[in-house]
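I opened the model and kept notes as I went. The entries follow the order in which I looked things up.

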Amino acid sequence: MTETITLTEPCNLCDGSQARLRFVKFGFQIVACTRCGLEFLYPMPDREAIRAFYDEGYFTGDPERRGYLDYVGERDTFLKSFSEKLDRLEKILHTRARAGKAGNRDGQIRMLDIGAAAGWCVEAAQKRGWDAAGLEVSSYAVAQARDRGLCVVHGDSLEPFADRTFDVITLWDALEHLRDPRSLLREACRMLAPDGVLAFSTGDVGHFWSRLQGRQHRIYNPPQHLFYFSRTSMTRMAIASGLRVLRIEPDEKVTTLHYVLHIARNLVDIPFLAKMFEFIMRVLPDWRVRMKLIDNLVVYCTPEPVGSAASSPQPDVATSYPR
Ligand SMILES: [Zn+2]
């Protein structure tokens, strides 16, 4: 019989108050809202616990964190991967500009990367001439970014940012880490230029390939990942945040074989398989690999037009970043 849980805080998507237990992984309950089906970790860790989680070990292979293997050391690979993502974004901006739906007001694209880590996406954007900044909760990662002269703001709130500041806002595999994704997307929508584009990527638990893997899927990574979206729930979340979905496509990443094996080893809770991934990692070189991820989606959105919002003046980006 399925256990029904009365939630102490409402569902982040539909405000529903009940969920059913799906399964327990690493001692954490994964539940699904009985009204809208959104899956999430319950109970949620508090903000302090979330902040504390993203310490140095998260970025340097601590098996307890189940995070990155060597985030700083793999900079070149991340730069290539992010550069390709920005290529796609730039194409979307240009297509919209040609269609008269977006204008590049001062010739320079202004971007904010939320969950910027050590700032590799910010760096990739700067290399192509964009005015780019990041927001990151980890003080370790922010220090790495600042060592390289990258503008990454330390924090987990968008409140200090001015309205309609950015042409592009990105959240690469970040939404699932947030305690309140709907509020954050609403804030991001407020900060986007009326013709701006917000792109986020996250796992799709509703895909056939994800269902086949069940609880072994890498997206089920509590307490790092707090939400587990499907194509339907991520679309509904965007719409509930005031955004209009332009397109959804499978994610593509350039990464390293050892990182893929590191994630597989730490997220599978079958000891035999974990040992096997560890063995393969020991014997194979750390090749760079390209992955087309059918079970991780990129969602491109734009603010749903409201009233005469587009007529407000644009703030000076150089002075509008909180430092
Ligand atoms: Zn719900």
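**Entry 1. A bridge in the sheet.** I started from Leu-171 and looked for its bridge partner in E9, which is Phe-200. I then checked the pair of strands: E8 and E9 run parallel and are joined by six bridges. I note here that this is a predicted model.

**Entry 2. The other side of E8.** I moved on to strand E5 (residues 110–114), which pairs with strand E8 (residues 166–172) in the parallel sense. I found three bridges between E5 and E8. For a register mark I took Asp-113, whose bridge partner in E8 is Thr-170.

**Entry 3. From E9 onwards.** Strand E9 (residues 192–203) pairs with strand E12 (residues 288–303), and here the sense is antiparallel. I noted six bridges for E9 and E12. Gly-203 stands opposite Asn-296 in E12. Next I looked at E11 and E12, which are also antiparallel. Their pairing extends over 13 bridges. Lys-253 stands opposite Met-291 in E12.

**Entry 4. The whole sheet.** In what order do the strands lie? I read it as E7-E6-E5-E8-E9-E12-E11. That makes seven strands in an open sheet with mixed pairing. Strand E7 (152–154) and strand E11 (243–256) are the edges. Each has a single partner strand, so one side of each has no neighbour in the sheet. From one strand to the next, the twist averages 20°.

**Entry 5. How enclosed is E9?** I counted burial along E9. Of its 12 residues, 11 are buried, so the rest of the structure largely encloses this strand.

**Entry 6. The core.** I looked up the largest nonpolar core and found 81 residues in it. Which residues have the most contacts inside it? They are Ile-169, Ala-188 and Leu-198. E9 gives the most to this core, with six residues. I then listed the contacts of Ile-169, leaving aside neighbours within four places in sequence. They are Leu-112, Ile-114, Ala-188, Met-191, Leu-192, Gly-196 and Leu-198. Ala-188 and Leu-198 thus appear in both lists.

**Entry 7. Helix H4.** I turned to helix H4 (residues 120–127), which lies across E5, strand E6 (131–136), E7 and E8. H4 runs at about 175° to E6. Is H4 enclosed or open? Six of its eight residues are buried, so the rest of the structure largely encloses H4. I wrote down the buried ones: Trp-120, Cys-121, Val-122, Glu-123, Ala-124 and Ala-125. They pack against helix H3 (75–98), as well as E5, E6, E7 and E8. Just after H4, I noted Gly-129 with a positive phi of about 90°.

**Entry 8. Helix H9.** Which residues of helix H9 (residues 257–267) are buried? I found His-258, Tyr-259, Leu-261, His-262, Asn-266 and Leu-267. Their cover includes E11 and helix H10 (271–283).

**Entry 9. Arg-215.** I wanted a residue in a loop and picked Arg-215, between helix H7 (208–213) and strand E10 (227–228). Arg-215 has 13 C-beta neighbours inside 10 Å, so it counts as partly exposed. Leaving aside neighbours within four places in sequence, its contacts are Phe-23, Lys-25 and Tyr-220. I also took a distance from Arg-215 to Leu-89, 126 residues apart along the chain. Their C-alpha atoms are separated by 32 Å.

**Entry 10. The chain overall.** I tallied 11 helices and 12 strands. Buried residues make up 40% of the 323 residues. The C-alpha trace spans about 60 × 45 × 35 Å along its principal axes. The radius of gyration is 19 Å, which agrees with the value near 20 Å for a compact globule of 323 residues. I also checked contacts between residues at least 6 apart in sequence: 68% of them join residues at least 24 apart.

**Entry 11. Confidence.** I closed with the pLDDT, which averages 90 over the chain. A score of at least 70 is reached by 93% of the residues. Over residues 308–323 the pLDDT is below 50. In the model this stretch has 21 contacts beyond near neighbours in sequence. Where pLDDT is low, predicted coordinates should not be read in detail.

How values were computed. Residues are numbered from 1 along each chain as its sequence is written. This is a predicted model: local features need pLDDT of at least 70, side-chain atom pairs count only at pLDDT 80 or more; totals for chains, interfaces and linings use all residues. Two strands pair if DSSP finds at least two bridges between them. Helices (H or I, at least four residues) and strands (E, at least two) are DSSP runs, numbered from the N terminus. Axes are lines fitted to C-alpha atoms, for helices over the stretch in contact, and angles run from 0 to 180 degrees between N-to-C directions. Two residues are in contact if their C-beta atoms, placed from the backbone, lie within 7 Å. pLDDT is the predictor's confidence in each residue, from 0 to 100. A residue is buried if 20 or more other C-beta atoms lie within 10 Å of its own, exposed if 12 or fewer, and partly exposed in between; C-beta atoms are placed from the backbone. The radius of gyration is taken over C-alpha atoms; the globule rule is 2.2 Å times the number of residues to the power 0.38. A nonpolar core is a set of buried Ala, Val, Leu, Ile, Met, Phe, Trp, Tyr and Cys residues joined through C-beta atoms within 7 Å.
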